Amino acid sequence: MKALVLEDDDLFSELLETVVAGLRPGMRVTVASRLSEAFRYVEDGDFDLIIADWNLPDGSGLELVRRVRSAKATMPVVIVSARADRDSVLKAAHYGINGYITKPLDVRVLHRRLTELLSDTPARLPAVSSYLADALENITQLPSDLDAAEILDLYRRQDELSASQLAERWRDHPALTLRLLDVANSTSFRRTGEPLDTVRDAISSIGVAMALNQALALSLDVSRNIQHLPLRARVDVYYGQALSVAKSAQALALRLKKQPMLFQQAGLLSRLGEMALVKVLDEYVALGGEVEEAAFEALFREWSAPFGNRLKIHWHLPLGLRELIGAVHSLGSDCTREDRLLMRAASLEAAGEKAGEECQRLLRRLGLDETKSEELKPS
């Protein structure tokens, strides 16, 4: 479904957008701050719900109602206004509105009234390609209890963060707490015979950077929130691939005496587009759309990169990190950057192609030619 919100107050507009977006899976919300802008949207698009403020810098939201009603008599239209007097309500009702909501509003009341308003409005689904194209214009959030974008923002401030600060931030995330404790108590990190039992101690043991990588990995594990079983199986495969690339990249970085965290991060994000696409396709199926499994390969081949690029831009990923992620999938024959060669080699190793010609060539260029090393070993 598609909704148009016409509101010139930025904070109130964001609130309305959030509430409306949560009314139904796959709800797409367009926001306008001027009446003239809303007129263009209505002329160019087809909406299932309109919410308009009464007073706008260039006119009245009632003018939008008048125009909409001349073409669509039954589409739900709601007016939002600070006017609560009887005459104003009657005047708005004369235009054929379906609801009148006064400011300041109660979010729960707004959500309930809009839900009731849409209860008899069936979702109109376009073809899957049109749905994906429309979804690409909106921000896609991964269906995870942890916000990957927030964790990526913490990476930028990791030098300022302490174990105590992260422990406090993540105290309501039991899955992450267990994961950090498991890592900290593993053989490779355990420094004493006594197990660690607090997440703060766990983060202190493994370090802030490693803790952030573990959090990022968990935020990308979206499988349990995907309802369509074939899509869930597919996203499990993509997640496993990302973990494998991250592990291979870490090992190669250590062999080259590089800090491994950035390479691990790039590996974890290497299937970002596929994970976002799975989420949108799952929404489409939940709304009653049909996607044949036979069409999966073509859909993922066409749409994974655009969705991945959209999220990389929205999350403000540094150019260097984007380049490392890109190297996982392809690398120009003239590339000489050691960090990109490393990521491409890690991708091939993770795919079981370590013995292949391309991977062996990359390892030689990185100075990690194992054949030569074997020859130099004493007999």
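These exercises with worked solutions walk through a predicted model of one protein chain.

Residues are numbered from 1 along each chain as its sequence is written. Because the model is predicted, local features need pLDDT of at least 70, side-chain atom pairs count only at pLDDT 80 or more, and totals for chains, interfaces and linings use all residues, while side-chain values use heavy atoms, with hydrogens and water left out.

**Exercise 1. The whole chain**

Task: State how many helices and strands the protein chain has, and what its C-alpha trace spans.

Solution:
- Start with the elements. The chain has 19 helices and seven strands. Helices (H or I, at least four residues) and strands (E, at least two) are DSSP runs, numbered from the N terminus.
- Next, the extent. Along its principal axes the C-alpha trace spans about 95 × 45 × 35 Å.
- Then burial. Of the 379 residues, 47% count as buried. Buried means under 20% relative accessible area, exposed over 50%, and partly exposed in between (1.4 Å probe, protein chains only).
- Last, contacts (heavy atoms within 4.5 Å). Among those between residues at least 6 apart in sequence, 69% join residues at least 24 apart.

**Exercise 2. Two helix pairs**

Task: Find how helix 7 packs on helix 11, then do the same for helix 12 and helix 14.

Solution:
- Take helix 7 (residues 148-156) and helix 11 (residues 208-219). Their angle is about 165 degrees, and their axes are 9 Å apart. Axes are lines fitted to C-alpha atoms, for helices over the stretch in contact, and angles run from 0 to 180 degrees between N-to-C directions.
- Classify the angle. Helix 7 and helix 11 are therefore roughly antiparallel. Angles under 35 degrees count as roughly parallel, over 145 as roughly antiparallel, 65 to 115 as roughly perpendicular and the rest as oblique.
- List the contact. Ala148, Ile151, Leu152, Leu154 and Tyr155 of helix 7 meet Leu212, Asn213, Ala215, Leu216 and Ser219 of helix 11. These residues divide into eight nonpolar, two polar and no charged. Ala, Val, Leu, Ile, Met, Phe, Trp, Tyr, Cys and Pro count as nonpolar, Asp, Glu, Lys and Arg as charged, and the others, Gly among them, as polar.
- Move to helix 12 (residues 229-255) and helix 14 (residues 272-286). They pack at about 170 degrees, with axes 10 Å apart. This pair is therefore roughly antiparallel.
- List this contact too. Leu231, Val235, Tyr238 and Tyr239 in helix 12 meet Glu274, Met275, Val278, Leu281 and Asp282 in helix 14. The division is seven nonpolar, no polar and two charged.

**Exercise 3. The nonpolar cores**

Task: Identify the residues with the most contacts inside the largest nonpolar core.

Solution:
- Fix the term. A nonpolar core is a set of buried Ala, Val, Leu, Ile, Met, Phe, Trp, Tyr and Cys residues joined through side-chain atoms within 4.5 Å.
- Read off the leaders. The largest core has 85 residues, and Trp170, Ile203, Leu220 and Met343 have the most contacts inside it. Helix 12 gives the most to this core, with nine residues.
- Look around Trp170. Not counting residues up to four places away in sequence, its contacts include Leu154, Ile203, Leu212 and Ala215.
- Note the other core. A second, separate one of 23 residues includes Leu35, Trp54, Leu64 and Tyr95.

**Exercise 4. Two buried leucines**

Task: Which residues does leucine 132 touch, and which does leucine 166 touch?

Solution:
- Leucine 132 is in helix 6 (residues 128-136). It counts as buried, at 0% relative accessibility.
- Leaving out residues up to four places away in sequence, leucine 132 touches Leu277, Val280, Leu281, Leu299, Trp303 and Phe307. Leucine 132 and leucine 299 are 167 residues apart along the chain, with C-alpha atoms separated by 9.5 Å.
- Leucine 166 is in helix 8 (residues 163-169). Its relative accessible area is 0%, so it is buried.
- With the same sequence neighbours left out, leucine 166 touches Leu154, Leu161, Ile203, Val208 and Leu212. From leucine 166 to valine 208 is 42 residues in sequence and 8.1 Å in space, C-alpha to C-alpha.

**Exercise 5. Backbone exceptions**

Task: Where does the cis peptide bond lie, and is lysine 257 buried or exposed?

Solution:
- Recall the background. Most residues other than glycine have a negative phi, and most peptide bonds are trans.
- A cis bond joins lysine 103 and proline 104, with omega about -10 degrees. Proline 104 sits in the loop between strand 7 (99-102) and helix 5 (107-118).
- Lysine 257 has a positive phi, near 60 degrees. Its loop runs between helix 12 and helix 13 (261-268). Lysine 257 is exposed, with a relative accessible area of 77%.
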